[in-house]
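Reader: I would like to learn how to read a model like this one. Could you take me through a few features, step by step?

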Amino acid sequence: MSVLALEIGWGWMLAFKALVILLIVPLGALVLGYTFLLKMMSHMQSRLGPMDPGGFHGWFQLVGDGLKFLQKEDIIPEDADRRVFAFAPVIVVISTFLMFVVIPIGPVAIVANLDVGVFYALAVSSLSVIGVLMAGWSSANKFALMGALRAAGQLIAYELPLLLAVVGVVMQAGTMSLQGIVSAQQNGSIFGWSGIGNPFIFTQIIGFLLFMIAAQAELSQTPFDMPVAESELVAGYMVEYSGFRFLFFFIGEFGTATAFAALAATLFLGGWSLPGVHGLPAELLGPLVLFVKLMGVAFLMFWVRFTYPRLREDQLQAIAWKFLIPIALANIIVTAIIKVAF
Amino acid sequence: MAFKLPGLIGGLGITFKTMLQGAVTVQYPHEKEQPPARSRGVIALHEDNCTSCMLCSRACPDWCIYIEGHKEERPARREGGRPRAVNLLDRFDIDYALCMYCGICVEVCPFDALFWSPEYEYSEPNIASLLHNKDRLGEWFHTVPEVEPLEVGAAPVAKAKK
Amino acid sequence: MSSTEQPVTPTNASPDFNPVPDFEVAPGMQRHLADARVNVELDTGDMIINLGPQHPATHGTLRLVVRLDGERVIAADPVIGYMHRGYEKLTEFRTYPQVTTLINRIDWLSSFANEVPFVHAAEQLMEIEAPPRAQYIRTALTELSRIATFLLFLGEMGLQVGALTPAFYGFRDREHVLNLIESATGGRFHPNFNRIGGLKDDLPWGWIAETRNVMKIVLDACDVFEDLVLGNEIFQARTRSVGIIPGELGASYGVSGSNLRASGVDWDLRRDGAPYLSYPELDFEVFTHPDGDSYARYWVRLQETRESARMVLQLLDKMPSGPIMAKVARIIKVPAGESWVETENPLGQMGYYVVSKGGTGPFRVKIRSASFSNVSILPWMLRGVYVPDVVTILASLYFILGDIDR
């Protein structure tokens, strides 16, 4: 296979791609964590956030935190189920890594261009539910158990709106492959004008909002952060985790936020593509464009996170089942009608 | 459960506006705020005025002032007078680990030997160093602010400035 | 360990909440039984958890032993006393100025308001009155401490319900009020400014103008809280119909202050009780809300914050000139007698019963604190609510542990 006119064996290519994913997830977590959790949240609360570590506006804070977590004592509660306890954060992080397999960052820069890209991405993102349940159960802590049960109910309930919101996009693009969706947006046109391509956010605005709400719930972020209700259960299912294992959960949380933001940017905003830019410039600019778009989406997610209070578990379920799913189904029907009729 | 949008959107607007307005953080220790002049930071001792009357020590709710003194004879000031006895301080310690910063000692002192100062940066790594002896208490004296004017409508202050 | 020894138990919400085991119990097990209230017949399906004493939702060291069925509370039991500091015993061995210093720390958020009823009781025994300027300044400082307390409440109730940002706004706007109190009294949290017969000092130059500015900031902050928290539909969904206190039941439990007014009972000691400070000369409105749920309590406190700001502006306009201390002896000996003064503190109704035998200090002081009675309604109120609602209810009742435990 050739990249930039160099011949590289597929084995080396695979290793390289695996390395990139292994780096992107913590790096994405770091960048999103710093920008939104430390700086944006602080400014929204009239304060500055970390300023000293690293000298310039505290950019080193999260790196320092990571190093701090690495050198902590590994504490496993006495009554905990040791193997399940140790394995739970690994599952949560694995599902994040797996999500990045299908997200394209350039015209050919994708780990595996699956034909069922969207389906695969959403299916794999729901693996983290098992990790959460394992964490809560094996912690031998009633608060952790309560958090895990809340999480299980919530995450499963919001899988459906997440999926149904994307069906409209798939129908409009005609393919489930993420590269195909990006090309459909890049090469499409709105009422004949192809100046900015056809980003699906305009036609699928309802789908976009549903996707954002459901993604917020999948990430356990306020207003859906009952599993990690800080002022009640003090970190819910993660409460017994410390040190390196907690770092896994943290990377998993923000890495999944990066993944969902990238997914939303790909599905609704055109991903790595800029209309009219093809070939080598697209390969070089692709990652940067995707990064900018995903930061925009993440800004919305975190903005909502830091403003709203949290919903109670039964209200949360009521919204998912009685409100979001009917709207998603209606969106699908309307999209289908418009697609067939026009 | 139908949501009316305005309340939710309004909330987003407020946080966005606050984000653009800038932070109110004072980056201590690079920047420091000056506390008001009356702020009860540390107590300064004017040793010359103290007569070891023990009023402050007795008035302290925590009994954190430790005073020891002795009497000495001074020669008469005028011809034919008798020698005076003066109280001299041996020990005047305030234990800031116990001090409640209530100010009763400063208030009851009849000889104006104790003053409040807004200085607050004297934390120590070990508790024993929080016992300030009389030399250290005297060192705080230069931080004691001037007596400030009172608000409009206050009764005029009877005693003169020290 | 004989099985007839009962572990020490607090009052129970239901009769079968704490059974005594009828077999030999090992010493370690005895401690666990006292702690966890394990029912030895092992009811299936119920879980007993401790909310506290170290918990972010209980404002201080309150321990709630709740028995849960899934997410519903079956019975709840507040265990208090983790912060008991022995105030009433401490006051037996201290003089009046020393007691004034100590009682600042009962309800530490509105500390000036704690001193007022005690000093008033002592002044009643001495049959002297503080001069009018001192009364006005006392009222202004009381209302300022009410504003400070309520700004914190408006922020941290949002925090307990899940929104992170209002808490910071509450603290940020409260700083201005604390700076005012500090510039007048010398201490931000513990002013220790009242003396029998008046106040310690007069106000510093420029305080009145500064206070006017700060009141504008407070009124703006109240608008922000109204938009950000009260108008937020998620907040309304979390607080409406949660923790309803019926008016007469609340009054019979001793609930007081904004909690009672939020249940529709129109009772405010500043207007309806025995006259104290300068309240008879002020023109203010008392707010009630018919619902009695957590939303109503938030609403009432928000309106009261605005009203306090307006009251402070009125006081500044009408401030008389003159001395701030009545003619009293240097060493004050309060004549023998008993007096009871109750005031409308930010947390509720606070009262002091001072027994004096003619010495330099009180013989006995009985402190009636607001939060102690406010918390007594928890076993009744928490039956059948969800766990997240427990947190909302605790936040909306707004008690301070120092006030409960003294």
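**A helix, a contact and a chain**

Author: Gladly! Let us begin with burial: in H11(A), the buried residues are Gly286(A), Val289(A), Leu290(A), Lys293(A), Leu294(A), Val297(A), Ala298(A), Phe302(A), Val304(A), Arg305(A), Phe306(A) and Thr307(A). Keep in mind that this is a predicted model.

Reader: What should I know about an α-helix and the way its residues point?

Author: An α-helix has 3.6 residues a turn, so residues three or four places apart point the same way. With that idea in hand, look at Val289(A), Lys293(A) and Val297(A), which are among the buried residues of H11(A).

Reader: Where does H11(A) bend?

Author: At Gly286(A), by about 45°, with Pro287(A) following within four residues. As for length, the 28 residues of H11(A) should span 40 Å at 1.5 Å a residue, and the 42 Å between its end C-alpha atoms agrees with that.

Reader: How many residues does each chain bring to the contact between chains A and C?

Author: Chain A gives 22 residues and chain C gives 24. On the chain A side, helix H11 (280-307) and helix H12 (313-341) are the elements that supply two or more residues. That side divides into 8 nonpolar, 6 polar and 8 charged residues.

Reader: And chain B: is it compact or spread out?

Author: Chain B has 4 helices and 5 strands, in the order α-β-α-β-β-α-β-β-α. Its radius of gyration is 25 Å, well over the 15 Å that the globule rule gives for 162 residues, so chain B is more spread out than a compact globule. Its C-alpha atoms fill a box of roughly 100 × 45 × 35 Å along the principal axes, and 20% of its residues count as buried.

Technical notes:
Residues numbered from 1 in each chain as written. Chains lettered and ligands numbered in written order. Predicted model: local features only at pLDDT ≥ 70, side-chain atom pairs only at ≥ 80, totals over all residues. Contact = placed C-beta atoms within 7 Å. Nonpolar A, V, L, I, M, F, W, Y, C, P; charged D, E, K, R; others polar. Rg over C-alpha atoms; globule rule 2.2 N^0.38 Å. Buried ≥ 20, exposed ≤ 12 C-beta atoms within 10 Å, placed from the backbone. Expected span 1.5 Å × (residues − 1). Bend = angle between axes of the 7 residues up to and from the residue.
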